[in-house]
Protein chains: 2
Amino acid sequence: MGSASRKTFLPLDPMTFSNESKAVIDFIADYYKNLEKYPVQCTVEPGYLSAMLPESAPYCPEPLQDILEDVSNCIIPGLTHWQSPNFFAYFHANASTAGFLGEMLCSGFNVVGFNWISSPAATELESIVLDWMGKMLKLPSSFLFSGTGGGVLHGSTWFSLSPENLRFVIEDDIKSGLVPLFLCATTGTTPSGAVDPIAELGKVAMEFKLWLHIDAAYAGSGCICPELRHYLDGVELANSISMNPHKWFLTNMDCCCLWIKEPKLLVDSLSTDPEILRNNASKSKAVVDYKDWQIALSRRFRALKLWVVIRRYGLANLMYHIRSDIAMAKRFEALVGEDERFEIVVARKFALVCFRLKPKVEEEDLNCKLVEAINSSGRAFVSHAVLSGIYVIRCAIGTTLTQQHHVDALWKLIQDKAQSLLM
Amino acid sequence: MGSASRKTFLPLDPMTFSNESKAVIDFIADYYKNLEKYPVQCTVEPGYLSAMLPESAPYCPEPLQDILEDVSNCIIPGLTHWQSPNFFAYFHANASTAGFLGEMLCSGFNVVGFNWISSPAATELESIVLDWMGKMLKLPSSFLFSGTGGGVLHGSTWFSLSPENLRFVIEDDIKSGLVPLFLCATTGTTPSGAVDPIAELGKVAMEFKLWLHIDAAYAGSGCICPELRHYLDGVELANSISMNPHKWFLTNMDCCCLWIKEPKLLVDSLSTDPEILRNNASKSKAVVDYKDWQIALSRRFRALKLWVVIRRYGLANLMYHIRSDIAMAKRFEALVGEDERFEIVVARKFALVCFRLKPKVEEEDLNCKLVEAINSSGRAFVSHAVLSGIYVIRCAIGTTLTQQHHVDALWKLIQDKAQSLLM
């Protein structure tokens, strides 16, 4: 143990920081260059990694080069490559250079913005960016800080996948009889990209005084395009709405936007006021303390990431990104439609196409086998859903790197595998 | 709108990725070099940022240089500099080169590891690193995968700050009468760094069949040093334990470890099984699906970050980091003790010193004024707590860059400001 006055261990020395970070940048750039060489879905067996790594932490430091070699030899072979242009499963998780830059700035400053005073820029940029994003989606001003509402960034949606979470969040309100029930309308469901009729649901919600939340996690990004905005019609009847820029908005994980008409309800339920965090700015009520908009105390400066994405690309390119994905999905849908062995199961709205081989009585699990044949080839990765009892293949187009020729190659792969199965 | 086949917008082109990322690395390295020039706590007024930025998102893309200039001119002046060596408030949020590298790899791969199949390496490395970390803390094997338990990484502690959260998590169990109540013991409380007597609480918990959770968010990192490990004595009586590497373990935000003796209880409460995520690996029950260990579905590859930190620094340097902070805190405590105008209010256990100017009847808010004088100087940032009605000044030593001379300068600043107040 050395003396504290002769500190020899300098884990944030700017020169080392710069050199080692640039080595990792080169490593990641190489990964992107080689991305198409890897099987999209890896073929490792459960437990593969523990056979490759030591059972305990090392006592002595290891050189960066050794660690990166292990990333190459042990980690990358066990990844499912979400950034591969041949990844068509689930919904994508868009990475981008700007998203990565914003994430670096967030991680570099490494501030904890639980309340305004703990880093005013973190809180203020978050409010500004949520207003920018809300305006891009043409949300009514009742959801914006510049109006009478407000927005917040979270790591993941609370709402759509676990409505019971919201129930927890508003349990105090429930007790006081203000919000008796919760109704979640989805714009772009995960299985099929379906859109609930918001305006109709909104009327029911108003009649029965239900809290109406719109989950636009996936398709919300698309609604920045005027020709798609109608899918949010009726949003003025909702109490809250969320969308995830980390899905289809070129923003690296994680980043979810939530807007709420009456932030006071959230704050009343979630506010904490320990003495250690008391300060004059909070007392003045002139500032937002985002700790009161979430369950956890700590929070990252995620707004930087979304801000850099929006500025670096601009609304023009962001719309181009959405539109080119939709154009590719349209073309894929047309190709499927032209092949009489296949059928489109659900009308496409965004960039997700749900289709299947037409069923044959003697081959019940034909489509399941087709998915396995596609995925085990390593050349593409699709997923499935079951819609009203029908097994469908999902082709979600939208990774950052996907181009037309990848989609064409996917369709050729599907046709080849189908041919083998049907022979 | 361009045709999808002539894609001209390439937001993940490896060359641009590499060039722009390196420019941001240089920017962050410069920030670290200049960190001591900024006032630790900034002096902006509420609303300052909206006066500097446009009200809406730009339509056209902006050059990176313009964005970085705005970060310099608009964002940095509004930051509270958590990485400043003169930051002694709250608990620190340790950034480090290795933590940053791990964060870059996580963000670069940008995989979503909700279940094993969605990226096997993400799940397996998380289990391995949690076992490494558990062994560094000498947790009983009942908390490890190599034993009968297991661990998981979260973005923030669930447990300590919102016990009602755990109640929510285990509400199904409560209904079935399995877990009637919850007891949280803290190792290193936020206000004073106090340590609850785990062994004694454990006996009570066993007698009344309470769920005993140990919150070692801050001090858990310290317990990797054999001379501090005794603060976790009795952990074998607990049901779960958590600690936050993003506080004092050189791991950039966010990263929290949670170990649990019976992961099955967590899985039974939180498991989701939508058709779209069904796969053979999950069906086989041979794998961990971490989505069932948390409320949200999406999750980042945080394990990479903790793994790179542990390997790049090794247990030896990590212990050195903890010990040098404690040595600095000891010295600061001694300096305070030598000045008869001051008193230590709580015996120091880790690297947090709670002290105050001895009270005078005629000056009730003397210590509050002293905190304001220190912080408004911009040369250091401390915070306060109220312990049994006594207002104390907290000096939490442990940012990555803090060295002995920063602590000595803090003490001189405190003495000077006290002198002015007492004149």
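Here are some notes on this predicted model, going from the overall fold of chain A to the chain pairing and then to a few local spots.

1. **Overall build of chain A.** Chain A contains 13 helices and nine strands. Its radius of gyration is 24 Å, close to the 22 Å that the globule rule gives for 423 residues, so chain A is as compact as a globular protein of that length. Taken along the principal axes, the C-alpha atoms fill a box of roughly 75 × 65 × 40 Å.

2. **Burial and contact range.** Of the 423 residues in chain A, 63% count as buried. If you look at contacts in chain A with a separation of 6 or more, 74% of them come from residues 24 or more positions apart.

3. **How the two chains relate.** In general, two copies of a chain are related by a rotation about an axis and a shift along it. Here a turn of 180 degrees, with a shift of 0.0 Å along the axis, lays chain A on chain B with an RMSD of 0.0 Å. That is the relation of a two-fold axis. The same surface serves both copies, as 100% of the contact residues of chain A recur in chain B. Should you want a landmark for the rotation axis, A:Lys22 is the residue of chain A that comes closest to it, with its C-alpha at 3.1 Å.

4. **A salt bridge from B:Arg312 to A:Glu20.** Side chains of opposite charge can pair when their charged atoms come close. The structure holds 44 salt bridges over all chains. One of them links B:Arg312 with A:Glu20, and the closest N and O atoms are 2.8 Å apart. This pair crosses between chains, running from helix α11 (residues 303–338) of chain B, which holds B:Arg312, to helix α1 (residues 14–34) of chain A, which holds A:Glu20. Are the two partners buried or exposed? B:Arg312 counts as buried because its relative accessibility is 18%, and A:Glu20 counts as buried at 13%.

5. **A second bridge between chains.** B:Asp70 forms a salt bridge with A:Arg311, with 2.7 Å between the closest N and O atoms. B:Asp70 belongs to helix α2 (residues 64–75) of chain B and A:Arg311 to helix α11 (residues 303–338) of chain A, so this pair joins two chains. Both B:Asp70 and A:Arg311 are buried.

6. **A bridge inside chain B, and a network.** B:Arg229 and B:Asp233 also form a salt bridge, their closest N and O atoms lying 3.3 Å apart. The two ends differ in exposure: B:Arg229 counts as buried at 14% relative accessibility, whereas B:Asp233 is partly exposed, with a relative accessible area of 44%. Elsewhere, salt bridges that share partners join A:Glu103, A:Arg300, A:Lys305, B:Glu103, B:Arg300 and B:Lys305 into one network.

7. **Strand β9 of chain A and its partners.** Five of the seven residues of strand β9 (residues 390–396) in chain A are buried, so this strand is largely enclosed by the rest of the structure. Which strands pair with β9(A)? Strand β7 (residues 352–357) of chain A does so in the antiparallel sense over four bridges, and β8(A) pairs with β9(A), also antiparallel, over five bridges. For individual bridges, A:Phe355 has A:Ile393 of β9(A) as its partner, while A:Ala385 has A:Val392.

8. **The β8–β9 hairpin.** Two residues lie between the strands of this hairpin, and A:Ser388 takes a positive phi near 45 degrees there. A:Gly389 sits in the loop between β8 and β9 of chain A. This glycine, A:Gly389, is exposed, with a relative accessible area of 68%. From the C-alpha of A:Gly389 to that of A:Met319, 70 residues away along the chain, the separation is 35 Å.

9. **A:Ser383, worth a look in the viewer.** A:Ser383 lies in strand β8 (residues 383–387) of chain A. At 5% relative accessibility, A:Ser383 counts as buried. A polar atom of its side chain lies 2.8 Å from the backbone nitrogen of A:Tyr90. Apart from neighbours within four places in sequence, A:Ser383 is in contact with A:Phe88, A:Ala89, A:Tyr90, A:Val392, A:Ile393 and A:Arg394.

How values were computed
Residues are numbered from 1 along each chain as its sequence is written. Chains are lettered from A and ligands numbered from 1 in the order in which they are written. This is a predicted model: local features need pLDDT of at least 70, side-chain atom pairs count only at pLDDT 80 or more; totals for chains, interfaces and linings use all residues. Side-chain values use heavy atoms; hydrogens and water are left out. Buried means under 20% relative accessible area, exposed over 50%, partly exposed in between (1.4 Å probe, protein chains only). A polar contact is a pair of N or O atoms within 3.5 Å; within protein, one must be able to donate a hydrogen and the other to accept it, and residues adjacent in sequence count only if both atoms are side-chain atoms. Contact means heavy atoms within 4.5 Å. Copies are superposed by least squares on the C-alpha atoms of residues with pLDDT of at least 70 in both. A salt bridge is a side-chain nitrogen of Lys or Arg within 4 Å of a carboxyl oxygen of Asp or Glu. Two strands pair if DSSP finds at least two bridges between them. The radius of gyration is taken over C-alpha atoms; the globule rule is 2.2 Å times the number of residues to the power 0.38.
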